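The following exercises ask the reader to work from a sequence and its coordinates. Each task is followed by a solution in steps.

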Amino acid sequence: METYLIFKDLAIVIFAAEVFGLLARKLKAPQVVGQIIAGLLIGPSVLGLVNLNDNNSAIAYLAEIGVMLIMFSAGLETNLKDLLNTGLLSLIIACVGVFVPLIGGFLLFSFFYYGGIPAAGSKEFFEAVFMGTIMTATSVGISVQVLKELGKLKSKVGQIILSSAIIDDVIGIVVLTFVMSLSGEGGGESKGIGRVCLDVVLFFVFTIVLGIIIYNVFKLLNKKYSHHRRLPILGLAFGMIMAYCAEALFGIADITGAYAAGIILCNIKDSDYVAEKMDINSYMIFGPIFFVSIGLKTQFDGMTSDILIFSLLFVVVALATKVIGCGTIAKLAKFNFRDSLKIGVGMMTRGEVALIVASKGLAIGLVDQKYFAAVILLIICSSIATPIILKLLFKGDKDDSGSGGEKTEQIAENSAPAPAQS
């Protein structure tokens, strides 16, 4: 294939992503939904303008960079101090909010396709576990926007939703690491649970030790070169090195390394400035390419009635397990039924992390391409349902915005761009 043809494909991808992303925002939907639909339309499922194959691997590589940037930015935009001080309740809600959907997805896939639980350690077993893993991640962005519009971001319920969702994503990434390592897919050897635990512990030790050194180095650089472009450039290099080390040295997902790099740098003075520069790259090219590539990978040629039914059940189980898991813990923590339901509903949105997990599973052979339709349907349905239900649940409530909201607002607004001086 002539190398210049990649420019035509990239032009189509970026243009379609922008047009449909803006259209989605006009319709009050997340921009990512529009970009996925753009991929569906220009891909082999509909128009066939762009195809992902061995001769067009450049788009796949750029999409992989997009994943890394998204996770690195997510780490940068996390307020580590608030995360550590978020409280035991948020931690428990997040843990149950991962565990219940994981079990729900595992059981759904096992009984729907195999009529029972597959033998532990088999490929079928890990396929079922991975479908549950896709269900675990919460996309807090939509819930935060709704809470802002309703003036409830500072409320106790708003704080719990936001804090739990941040921890939820961290746990989801760790679960992904365990599933990938235990399965031995993607060219690696299958590992026992002891070896996986050892690798994870070693990775975290490595991250902490290196993190302390790198954090202090960047702290000094930040003092000397405040709001200078070399900070985000060096930060990007560090994010890529961490992504490489995670996969190459510890057999842990590269996105885990990128996320850890962001966490390490999230408390330097100019972390917002670094995140802003990362967002420029991600927003303009790499992010849209990744989300459009999800649509390009989704094909409906093999869509059968079984897959359609499974996709619908997948959405129902994914939404219900988040509400039941998170809402039940909130109720046990003495929240009333209405507030418990708000917390459960606020945690049921899925977005970028679910896509990243599914994409990683496809890359290593843990999930079949035909199941992407179920993931995309989940993201679209949860993105539409969550704002509507939250608004109905908060309707008529008294203002309780004084309950510990200062920290929550700080976390939510941590991604606000800092003035650039290059």
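**Exercise 1. State the secondary structure content of the protein chain and describe its burial, contacts and surface.**

Step 1. The protein chain has 17 helices and 0 strands; helices (H or I, at least four residues) and strands (E, at least two) are DSSP runs, numbered from the N terminus. The model is predicted: local features need pLDDT of at least 70, side-chain atom pairs count only at pLDDT 80 or more, and totals for chains, interfaces and linings use all residues. Residues are numbered from 1 along each chain as its sequence is written, and side-chain values use heavy atoms, with hydrogens and water left out.

Step 2. Of the 422 residues in the protein chain, 53% are buried. Buried means under 20% relative accessible area, exposed over 50%, and partly exposed in between (1.4 Å probe, protein chains only).

Step 3. Take the contacts between residues at least 6 apart in sequence: 80% of them join residues at least 24 apart. Contact means heavy atoms within 4.5 Å.

Step 4. The accessible surface of the protein chain is about 18600 Å², and carbon and sulfur atoms account for 65% of this surface. Accessible areas come from the Shrake-Rupley method with a 1.4 Å probe; for residues, only the protein chains shown count as cover.

**Exercise 2. Characterise T133 and I134 by location, burial and contacts.**

Step 1. T133 is placed in helix α6, and I134 is placed in helix α6 as well.

Step 2. T133 is buried because its relative accessibility is 0%. I134 has a relative accessible area of 1%, so this residue is buried.

Step 3. Once neighbours within four places in sequence are set aside, T133 contacts L102, V175, L176, V179 and V357. With residues up to four places away likewise not counted, I134 touches F314, A354, V357, A358 and V375.

Step 4. For I134 and A354, the C-alpha atoms are 5.4 Å apart, although the two residues are 220 residues apart along the chain.

**Exercise 3. Identify the salt bridges and assign the burial of each partner.**

Step 1. The structure contains 3 salt bridges, where a salt bridge is a side-chain nitrogen of Lys or Arg within 4 Å of a carboxyl oxygen of Asp or Glu.

Step 2. One of them joins D9 and K8, at 3.7 Å from N to O. D9 is buried because its relative accessible area is 5%, whereas K8, at 47%, is partly exposed.

Step 3. E127 and K123 form another, with the closest N and O atoms 3.1 Å apart. Both residues lie in helix α6, 4 residues apart, which is about one turn of the helix. E127 has a relative accessible area of 18% and is therefore buried; K123, at 40%, is partly exposed.

Step 4. K342 and D339 form a salt bridge whose closest N and O atoms are 3.0 Å apart. They lie in helix α14 (residues 337–346), 3 residues apart, about one turn of the helix. K342 and D339 are both buried.

**Exercise 4. Analyse the aromatic pairs, then find the charge over the ring of Y225.**

Step 1. There are 17 aromatic pairs in the structure. Rings of Phe, Tyr and Trp (its six-membered ring) pair if their centres lie within 6.5 Å; planes under 30 degrees apart count as stacked, over 60 as edge-to-face and the rest as tilted.

Step 2. F206 and F250 have ring centres 5.3 Å apart and planes at 50°, so this pair is tilted. The pair links distant parts of the chain, with F206 in helix α9 (residues 193–224) and F250 in helix α10 (residues 230–250), 44 residues apart.

Step 3. F206, at 24% relative accessibility, is partly exposed, while F250, at 12%, is buried.

Step 4. A cluster linked by ring pairs consists of F109, F112, Y113, Y114, F310, F314 and Y371.

Step 5. R230 lies over the face of Y225, 4.1 Å from the ring centre. The criterion is NZ of Lys or CZ of Arg within 6 Å of the ring centre and within 35 degrees of the ring normal.

**Exercise 5. Which residues make the nonpolar surface patch of about 480 Å², and where is I117 found?**

Step 1. The patch is made by F99, I103, L107, F111 and I117. Patches are made of residues with over 30% relative accessible area and no salt bridge: like charges are joined within 9 Å, nonpolar side chains (Val, Leu, Ile, Met, Phe, Trp, Tyr) within 5 Å.

Step 2. I117 is in the loop between α5 (88–114) and α6 (123–136). Its relative accessible area is 51%, so I117 is exposed.
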